[in-house]
Amino acid sequence: MSVVAVKKTEKKIKIAADSIMTYGNSQVEKTMKHSKLFEINGMTIGSVGYCYESALLENYCTTHQPNQATEREVINFFIGFNKYLEELGIPKFTNDYLFIYAKTIFYVGAPMLVREVEDFCAIGAGQVEANTALYLGHSPAKAVEVACTLNCFVCSPVVEKEIQL
């Protein structure tokens, strides 16, 4: 129940996310720390799915990063993350991620799909609305805003980060 959108131009990468957090069928207080979008150890990551998994990935990233910004190395990074989850008794990752490393964007989908994103991408419950807005030339923040307006499973406020190329 989320949306994360990213767009790459010649000068920068922008990534944005909504702020909905749920527990069962209820929204959680919006005063909680935003866990869908984080920057750590040279990586910027947007996550849709379970908050606990996103928090565990953030913890894993404190001491790990891909060897290179390639699809193969990002796959190897997430294989390592899966091993970390298994050590904690969690079978494998299930979230989808927009993963930015070394100024390169990757879509990472469970169970192990990794593809480089060359222009734009949105993931999550609001991905159709956000991808449409991105296709029409809007920024990731505007794309997430559109998804928040049209999709009942995403919610403002919108959080955005920018990486200069």
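The following dialogue discusses the nonpolar cores and one sheet of a predicted model.

Reader: On what conventions does the description rest?

Author: The model is predicted, so local features need pLDDT of at least 70 and side-chain atom pairs count only at pLDDT 80 or more, while totals for chains, interfaces and linings use all residues. Residues are numbered from 1 along each chain as its sequence is written, and side-chain values use heavy atoms, with hydrogens and water left out.

Reader: Which residues of the largest nonpolar core touch the most other members?

Author: In soluble globular proteins, nonpolar side chains tend to be buried together. A nonpolar core is a set of buried Ala, Val, Leu, Ile, Met, Phe, Trp, Tyr and Cys residues joined through side-chain atoms within 4.5 Å; buried means under 20% relative accessible area (1.4 Å probe, protein chains only). Here the largest such core has 22 residues, and Leu57, Phe78, Phe81, Phe99 and Val108 touch the most other members. Helix H2 (71-87) is among the elements that each supply at least two residues, and H2 gives the most, with six.

Reader: How are the strands of the open sheet ordered?

Author: Strands (E, at least two residues) and helices (H or I, at least four) are DSSP runs, numbered from the N terminus. Two strands pair if DSSP finds at least two bridges between them. Four strands form this open sheet in the order E10-E1-E2-E11, with antiparallel pairing. The edge strands, E10 (120-124) and E11 (159-164), each pair on one side only. Strand E1 (residues 3-8) and strand E2 (residues 12-17) pair over five bridges, and Val4 stands opposite Ala17 in E2.

Notes:
Buried < 20%, exposed > 50% of the residue type's maximum accessible area, 1.4 Å probe, protein only.
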